[in-house]
Amino acid sequence: MSDITPNRVLVAFGSNLGDRERAINSALLGLERLSTGYFACSSWWRSAPAQMAAGAGQFINGVVALDTLLTPLALLRALQRIERDSGRPQEHGFNESRILDLDIIWYAGLTIELPELVIPHVRALERGFVLVPMWELMPNLMLPGQTRPLAALIADLPADTLSRWSAAEE
């Protein structure tokens, strides 16, 4: 019997370029392969691009919860590999349109501050398209450093253009 315990993590996904549905479905398969058993995906959400150039397309976003034996840095590298496999260039600008974006939002309640990785994700609290899907998966989650649950954080967000995504509406 192994004494290694998997860590529950939350990974946000998003796409606003190309065949978004295909890119996300492919990413979900890759994420599922990183899982040691538990794997759940939120609803998919449509959101307007934030702080991006005019004409940037609508995003499809969501969050996956999974258990993994990967360390935070190993998980980051695996997510970057999934992004590259989707066609995302390794070098990309801040807030550029993207075929696929994968971010570690939460890793087993840890706070991590490294040059290449900060957990919880630095902008998660500002983004309804991250908080709402997180709440769907783990409604009682308290992010490290926060004293209020996700529902209270969501209630504080300004009204935005977040809506459930449906392939039928495309």
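Trainee: Is Arg-8 buried, partly exposed or exposed in this predicted model?
Mentor: Buried would need under 20% relative accessible area, and exposed would need over 50%. Arg-8 comes out at 28%, so it sits between those cut-offs. That makes Arg-8 partly exposed.

Trainee: Which residue does the Arg-8 side chain meet in a salt bridge?
Mentor: Look across to strand β4, residues 59-68, while Arg-8 itself sits in strand β1, residues 7-15. The two partners are 59 residues apart, so the pair links distant parts of the chain. The N to O distance is 2.5 Å, and the partner is Asp-67.

Trainee: And that partner, Asp-67: buried or exposed?
Mentor: Here the cut-off to check is 20% relative accessible area. Asp-67 has 13% relative accessibility, which means it falls under that limit. Call Asp-67 buried.

Trainee: Where does Arg-77 sit, the one that pairs with Glu-116?
Mentor: Start from Glu-116, in the loop between β6 (112-114) and β7 (117-119). Its salt bridge to Arg-77 has the closest N and O atoms 3.7 Å apart. Glu-116 is partly exposed at 39%, and Arg-77 is partly exposed at 37%. Arg-77 is 39 residues away from Glu-116, in helix α2 (residues 72-85).

Trainee: What is the N to O distance between Arg-148 and Asp-156?
Mentor: Their side chains meet in a salt bridge. Arg-148 is partly exposed, with a relative accessible area of 32%, whereas Asp-156 counts as exposed at 51%. The N to O distance is 2.1 Å.

Trainee: How many salt bridges does the count come to?
Mentor: Side chains of opposite charge can pair when their charged atoms come close. The rule here asks for a Lys or Arg side-chain nitrogen within 4 Å of an Asp or Glu carboxyl oxygen. Arg-8 with Asp-67 is one of the pairs, and the full count is 5.

Trainee: How far apart are the end C-alpha atoms of helix α1?
Mentor: Helix α1 covers residues 20-34, which is 15 residues. At 1.5 Å a residue, they should span 21 Å. The model agrees with that: the end C-alpha atoms are 21 Å apart.

Trainee: Which exposed residues does α1 carry on the face turned away from its buried side?
Mentor: The buried residues of α1 include Ala-23, Ile-24, Leu-28 and Leu-31. Down the axis, the buried residues fall within an arc of 165°, so they line one face of the helix. Among the elements covering them are β1, β4 and α2. The face turned away carries Arg-22 and Arg-33.

Note on methods: Residues numbered from 1 in each chain as written. Predicted model: local features only at pLDDT ≥ 70, side-chain atom pairs only at ≥ 80, totals over all residues. Heavy atoms only, no water. Helix = DSSP H or I, 4+ residues; strand = E, 2+ residues; numbered from the N terminus. Buried < 20%, exposed > 50% of the residue type's maximum accessible area, 1.4 Å probe, protein only. Expected span 1.5 Å × (residues − 1). Arc of directions from axis to C-beta. Contact = heavy atoms within 4.5 Å.
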